[in-house]
Amino acid sequence: MSKATRTVRQPDAPHAADSHDLIRVHGARENNLKDVSVELPKRRLTVFTGVSGSGKSSLVFDTIAAESQRMINETYSAFLQGFMPTLTRPEVDVLEGLTTAITVDQQRMGSDPRSTVGTATDANAMLRILFSRLGKPYFGPPGAFSFNVASVQASGGFTVDRGSDKTRTEKVSFSRTGGMCTHCEGRGTVSDIDLAQLYDDSKSLSEDPFTIPTYTGGGWVVRVIAESGFFDPDKPIREYTKKERHDFLYREATKVKINGINLTYEGLIPKLQKSMLSKDRESMQPHIRAFVDRAVTFATCPECDGTRLTAGARSSKIKGISIADACAMEIRDLAEWVRGLDEPSVAPLLTALQHTLDSFVEIGLGYLSLDRASGTLSGGEAQRVKMIRHLGSSLTDVTYVFDEPTIGLHPHDIQRMNTLLLRLRDKGNTVLVVEHKPEAIAIADHVVDLGPGAGTAGGTVCFEGTVEGLRASDTITGRHLDDRASVKETVRTPTGTLAIRGAAANNLRDVDVDIPLGVLTVVTGVAGSGKSSLVHGSIPAEEGVIAVDQTPIRGSRRSNPATYTGLLEPIRKAFAKANGVKPALFSANSEGACPTCNGAGVIYTDLGMMAGVSATCEDCGGRRFDASVLEYRFGGRDISEVLAMSVTEAEEFFRAGEARIPAAHRIVERMADVGLGYLTLGQPLTTLSGGERQRLKLATHMGDKGGVYVLDEPTTGLHLADVEQLLGLLDRLVDSGKSVIVIEHHQAVMAHADWIIDLGPGAGHDGGRIVFEGTPADLVAARSTLTGEHLAEYVGA
């Protein structure tokens, strides 16, 4: 092949196209940002640091990434934009030099039971094509191997009108072979309701027999059942005839008339399934969720044995392996199996599948299986699963935006994540990372430190430059960057033990362990070693065990710290008692709402495919309450002024004097204990950072009655300076007589523990065993595990 001769000539001056090497941000005011201006180098790795709530995500996600996405959307036609989410322009004066932004956040994946690791990454789609081409015996097209596709058969006729009285009926038939198990509808599990948790069958309907939330004696729900005419309201439920019992539990919707009002009666089971059991568990109110957990049991589907697939889909095999077997394998084993398939007819498919599976292994998720429900992944695992599609991408000059990619990673795994981030940068991409871990900050080419504090005390750039410059700076991050906790010299003596015997959940191998009580116990090990399986899956969920997991707080702009923590309830009652009116008047989501904006504080105008416009409500001035409500005062303040207080101010306000409310004071005291003293009581939850939400959740559970606290990675989203405060809080809990069990990777928490349980030695089938039990000092001295090596290096031993 001939090549054209090229003459290389040195340019007289730089090309104009090469002058755009910076992303310029001027006058950013999103959320708590205070006219922030920064210049970020392109094709470099920039790390954003600062305390939780300092404005990192507001700058990176809500300003830079949001504007990039908005401008890309504007390139589509108005017709297409009508189907897309409408994005408003961020509060910023100038944004220059933007490139296409790909956001990889730490949001947990949806908890739909039909969503798995395989469906979320397209690996299942490729496997289905593979089995439809190579599986023996042949079962059908790719859809026949999908647990989300049901088999359908239909036949009938339709009339064709040809004009001039000529009509003809044509017969048609349609069939589609799907892989969905008909018994569990592709979920892999079947639910069973424990009737004993719904009612006391020794009582009659007139004796208030129900133990279901909202099913109270005088309520309409119970009245419809009792006065439906199908039962004697004074007859104990256990004495019902077979027909009465069927009507009580399973009767289909039937019209009934009660006191002249037409109403619908429905059996208890279908009514509960529609009203409670069909909803996402995480979106339920805490008392509803507790009832569902108590009343509903899930068992493996007996028809498909949990594979979600029909017998026909499971009968088609490649080299003795069915698609159900392939999805149940650990991904690193599946990658080896696919590598052994030599079929030229599907070579491109095998190459693409091999690349996807190898990416899982490379990013440290080889221990997962494709049939793992995506809702069970931790925040860190979910984020890495989202990264997989970008690892082999040929795109360059793209801006990748990561939100704490080291979440959920053992120190051993952080180095691997660092390598991946640097590889993305070295391909010519701009990498922006929000991060707290010193090991991840250390690889930055450029650092932007925001602060100096959180909330209203943050939102300014405290430092911009190199890592060495940050270390020498006098910012909070600079001062704490080289902090190293020392191992405890003396540890507490346990007051008892919590015995776990024969734990075999997920990858655990009949683990026997005694967890000491009355001390701070840290359970650690590499990602996928079995920590959560041991703690959440094996510790008996008895009264007195308070578990604070990684499930994110969900909330709209109408919910705030006061509503989430239950603080608003005693405040409303105090206002109502002091003014002789109803408590409902002091809720912006109820009777006290401003009628113009319905308690939202803003008027929102939808402009179709254009960005909507929101303006502060002129009638209430953004205070959300009706003017008449603001005339009522308590302690010299109206309700809007109380909700505008910070937690620190509220703690002082509710402590003594005429505004003394002990119940409210206890709640704000707990919020201050977890370091949220700067938050405003009425601040929408949507404006809180990930770390702030985590601590708010911890504050609510601190009020629960129980002796054992189980915390799942409480340092998630916390700055180095905040970790010290968290350790102080854990100490106070233990010193007050509680037992604290923490799943954690942070070395400062490990060093502070009284007892460490280390799982491993690896992940998946290489883990699931206890590799060390003892004090942190013993772990450092032994250096017998990966955790021991990294902890010894951390404390300088």
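In this predicted model, six strands make up an open sheet with mixed pairing, arranged in the order E5-E14-E15-E3-E16-E17. Strand E5 (101–104) and strand E17 (460–465) lie at the edges; each has a single partner strand, so one side of each is left without a neighbour in the sheet. Direction ignored, neighbouring strands of this sheet are turned by 15 degrees against each other on average. Within the sheet, strand E3 (residues 45–49) and strand E15 (residues 430–434) run parallel and are joined by four bridges. Along this pair, Val-47 stands opposite Val-433 in E15.

Two helices can be placed against this sheet. Helix H1 (residues 56–73) packs on the sheet and touches E3, E5, strand E14 (399–403), E15 and strand E16 (446–451). The direction of H1 makes about 145 degrees with that of E14. Helix H14 (residues 411–426) also packs on the sheet, where E3, E14 and E15 are the strands it touches; the direction of H14 makes about 150 degrees with that of E15.

A helix pair comes next. Helix H4 (residues 123–134) packs with helix H12 (residues 347–362) at an angle of about 150 degrees, and their axes are 10 Å apart. This crossing of H4 and H12 is left-handed. On the H4 side, the residues in contact are Ala-123, Met-126, Leu-127, Ile-129 and Leu-130, which meet Leu-349, Leu-350, Ala-352, Leu-353 and Thr-356 in H12. Sorted by class, this contact has nine nonpolar residues, one polar residue and no charged ones. The loop that lies between H4 and strand E6 (152–161) holds Pro-141. With a relative accessible area of 43%, Pro-141 is partly exposed. Pro-141 is twelve residues from Ile-129 in sequence, and their C-alpha atoms are 7.5 Å apart in space; Ile-129 is one of the H4 residues that meet H12.

Another open sheet of six strands, again with mixed pairing, has the order E21-E24-E25-E20-E26-E27. Its edge strands are E21 and strand E27 (769–774), each of which pairs on one side only. From one strand to the next, the twist averages 15 degrees. At one edge, strand E26 (residues 755–760) and E27 pair in the antiparallel sense over five bridges, and Leu-759 has Ile-770 in E27 as its bridge partner. Helix H25 packs on this sheet, touching strand E20 (520–525), E24 and strand E25 (739–743). The direction of H25 makes about 145 degrees with that of E25.

Turning to E21, this edge strand (residues 545–548) has a covered face made of Ile-546 and Val-548, while Val-545 and Ala-547 form the uncovered one. E21 and strand E24 (residues 708–712) run parallel, joined by four bridges, and Val-710 in E24 is the bridge partner of Ala-547.

The same region brings in helix H24 (residues 690–701), for which E21 and E24 are among the covering elements. H24 has twelve residues and reaches 17 Å from its first C-alpha to its last, close to the 16 Å expected at 1.5 Å a residue. Ten of those twelve residues are buried, so H24 is largely enclosed by the rest of the structure. The buried residues include the charged-looking names Glu-692, Arg-693, Arg-695 and Lys-697 alongside others such as Leu-696, Leu-698 and Ala-699. Their cover also includes helix H19 (561–564), helix H23 (662–673) and helix H25 (720–735).

Terms used: Residues numbered from 1 in each chain as written. Predicted model: local features only at pLDDT ≥ 70, side-chain atom pairs only at ≥ 80, totals over all residues. Heavy atoms only, no water. Pairing = 2+ DSSP bridges. Axes fitted to C-alpha atoms, helices over the stretch in contact; angles between N-to-C directions. Contact = heavy atoms within 4.5 Å. Buried < 20%, exposed > 50% of the residue type's maximum accessible area, 1.4 Å probe, protein only. Left-handed = near helix turned anticlockwise from the far one by under 90°. Nonpolar A, V, L, I, M, F, W, Y, C, P; charged D, E, K, R; others polar. Expected span 1.5 Å × (residues − 1).
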